[in-house]
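Dear colleague,

I am handing over the structure below, and I would be glad if you read the notes that follow with the coordinates open beside them.

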Amino acid sequence: MLRSIQVLLTFCLIIIGKTGFSQDSYYPINPVPFTDVTIKDAFWKERIETNREVTIPIAFQRSEETGRIKNFKVAGGLEEGTFNTRRGYDDSDVFKVMEGAAYALAEHPDPELEAYLDKLIYYVGEAQEEDGYLYTVKTILGDSEEHRDSKARRWEAIEQGSHELYNVGHMYEAAVAHFEATGKRSFLDIAIKNADLVDKEFGWGKREVVPGHQEIEVGLVKLYNATGEKRYLNLAKFFLDKRGENEHKTTYNQSHKKVTEQDEAVGHSVRAVYMYAGMADIAALTGDVAYVEAMDNLWHDIVDAKLYIIGGIGAAGGHEGFGGEYELPNLRAYNETCAAIANVFWNYRLFLMHGDAKYVDVLERSLYNNVLSGVSLGGDEFFYPNRMEARGKTQRSEWFNTSCCPSNVARYLPAVPGYIYAQDEEKLYVNLFISSQSEFDIKGQKVRVEQSSQIPWSGQVELKINSDNTTRFPLHIRIPGWASERPVPSDLYSFTAGPSRKTIIRVNGKAVEYTMEKGYAVVEQSWKKGDLVQIDFPYEVRTIQSHSEIPTNQNRIALQAGPVVFCVESVDNLGYATNLLLDGKQDFQLVYEKDLLGGVMTIHGQADALLENAKGKIDKQSIPFKAIPYYAWANRGASDMLVWIPAEEKAAAPRPYPSLASRSKVATSKDRRAGALHAVNDLIKPNNNPTLEVTNFNWWPIKESTGWITYEFPEEAEISESTVYWFKSNDGGVIYPLSWKLYYQKNGDWVPVKVSSYPVNEDGKPSRVSFPKVKTKAMKLELVNGEKSAGLYEWEVK
């Protein structure tokens, strides 16, 4: 409580002393705008350039091709037509890419891109209704039953799933970015007109409802900082303070409690962390200590029990959100790219609030691993979820029906330089180790810093400090968790051994003693022109183990070097990955491979591949082992992948001996979302090994109908037995079938096998039937879906 009061007092002093409306003046620590930082880093410069040259143009192109941009033209009467896309929230994708384009313009003037943005802004302005309303699906279709997002009247479904406020939150962010990049008010005026309407409609004594998808809160704060209009700040706080008092309360969108009473991260992870970022902004601007305390509790709930080793959040795909404590599956991990980006936003705000390196540790882990995994090295393919394990079928996609993640990547990457440095009146913080240069005003003196960094492929960093006049100030250099005792700031994960040595800091060639303060090495002296600070972090392979409460990771290890988490991909390991057994105590070798995946560090050693033979026994095959950075996987086609590698045989998953079913061609009646069809013949059945996750195939959302799966055998076979392992989901959305039957193919027809009864055994237990031997090239499993969809883990034939 005392710390929260201290933070509150600091906020109040800052707010009292505030003389302008710049975004960097309302936190105790000031961020350095990305436009004031020049990137010279080979690793990050390439990614930012790829985003500018490839990702942003592709995102605009696909927004054109899918009708997202046409929606604005139709709504504005510029073209004939109807609503072109699946959901009303598709407007937001265009706004996010526009925001990214504005950031790109700020760093790299481009007349062609600026002209294209001007054209899009014209479309948006024409689509805006006379009173400021902007939601293309409603403008085009009105109150129509034709589309799910046009059925309710204006504003009436805000809490139940309408994205009217979510969309314009992203528009406010994009409009402010465009104004700051170009000085033009065209987009900002559209945003202001809409925000004035929203303020007129919502608030205490008006429409007292809350957004079903948080985001407008952050956008309103940015609009407030750009305009100084306090109504926008008050409205943002209303949308937060009303949660928990609204009619349609649900954990899914964190409206189940007042935000100041929430201490557990629940529900949809992107909604949650956008909300937490908005809470941080409001706390900084208003000094609301209850917000600070709530965020501290929420942060600990995530970092102590719900954070993936790659810095991702969201364990459950069903609601795209948080699971329970220590519920961190690997194969089913969600780790949405948008959630990782939101996690970076929130943790940076917490750093600005508290000045503690632990928040930057989480930010860095998310940035180098989960965020970068969300986009291919070429910048043109994307992950929506980021799994911790894959069994041969996972690849990035060119686009999605719901494409929030590609558009979020497009707007985030240009802003990375803004996370490197920060300062207050006296201190200069070096948070990320990225080759760059910037200039700071410290005690009225201009101080220029030029950073040369070998991270992420080495631990060497240099800081050249130049000040026209000798200036005394404390330089705060973050000592990352990966270079010290803890991979994350909790006991959720731990290194199996400490670092080989502590970080060495030299000033002008001489090693200096430094004090530690909130995770920072503090070097205070009078700095003069030409001073050189050399930082030597211990860069080595670190093996990581999980908390004992995470069942899927027991007796497994993960590998990390620098800020990068590594994984094994079957393309590098003789076709093996998920069946490897690794001795984590061996001396791993780090090798930089300049011609692999754009130039990456790789980890080399020895591993055992475990293989089931024809007699059901397990053979071990010793093979050379190679691990690559997690962010770089799936850039060479589909393959198996694993982050948490078995270190003991009881956690290992030997590759099963091929069966007739596993060698068969599989087909199904389900023509939508059938991506997990490979589960039915992957030879992985329900078992008692908590570290081995079993996939399933199901007919959700199909109900009350007949479904089927067929096996086309590689050669004619005699079949007399079949076993099905039925699946039921924890949320009850998928249950056991009402009934099932088997058929074999004869002369082109499906003929039922002779079985007296078909059991439906529960809890993954085998449902086995025997029948007179049939000779065939294909079998069909037919089932009946009841009031809920049916599903199965595995289907065997013998």
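**Strands, helices and one proline**

Strand 7 (residues 445–453) and strand 8 (residues 460–467) pair in the antiparallel sense over seven bridges; strands here are DSSP runs (E, at least two residues) and helices likewise (H or I, at least four), numbered from the N terminus, and two strands count as paired if DSSP finds at least two bridges between them. This is a predicted model, in which local features need pLDDT of at least 70 and side-chain atom pairs count only at pLDDT 80 or more, while totals for chains, interfaces and linings use all residues. Residues are numbered from 1 along each chain as its sequence is written, and side-chain values use heavy atoms, with hydrogens and water left out.

Within that pair, S453 has V461 of strand 8 as its bridge partner. Both strands belong to an open sheet of seven strands, ordered 2-6-7-8-15-11-12 with antiparallel pairing. Strand 2 (37–39) and strand 12 (510–511) stand at the edges with a single partner strand each, so one side of each is left without a neighbour in the sheet.

A separate antiparallel pairing joins strand 29 (residues 739–746) to strand 30 (residues 749–752) over four bridges, with Y744 standing opposite V751. The two strands form a hairpin with two residues between them, and N747 in the turn has a positive phi of about 55 degrees.

Turning to the helices, helix 14 (residues 357–373) has 17 residues, which should span 24 Å at 1.5 Å a residue, and its end C-alpha atoms are indeed 24 Å apart; the expected span is 1.5 Å times one less than the number of residues. Helix 14 nevertheless bends by about 40 degrees at L367, the bend being the angle between axes fitted to the seven residues ending there and the seven starting there. For burial, 17 of its 17 residues are buried, where buried means under 20% relative accessible area (1.4 Å probe, protein chains only). At its N-terminal end, D356 acts as a cap, with a side-chain oxygen 3.0 Å from the backbone nitrogen of K358.

Helix 7 (residues 164–182) is also mostly covered, with 15 of its 19 residues buried, and just after it G183 takes a positive phi of about 80 degrees.

Lastly, P489 is found in the loop between strand 9 (471–478) and strand 10 (493–495), and it is buried, with a relative accessible area of 12%. Leaving aside neighbours within four places in sequence, P489 is in contact (heavy atoms within 4.5 Å) with W299, V303, D304, K358 and V362.

With best wishes

How values were computed:
Buried < 20%, exposed > 50% of the residue type's maximum accessible area, 1.4 Å probe, protein only. Polar contact = N/O pair within 3.5 Å; in protein donor to acceptor, adjacent residues only side chain to side chain.
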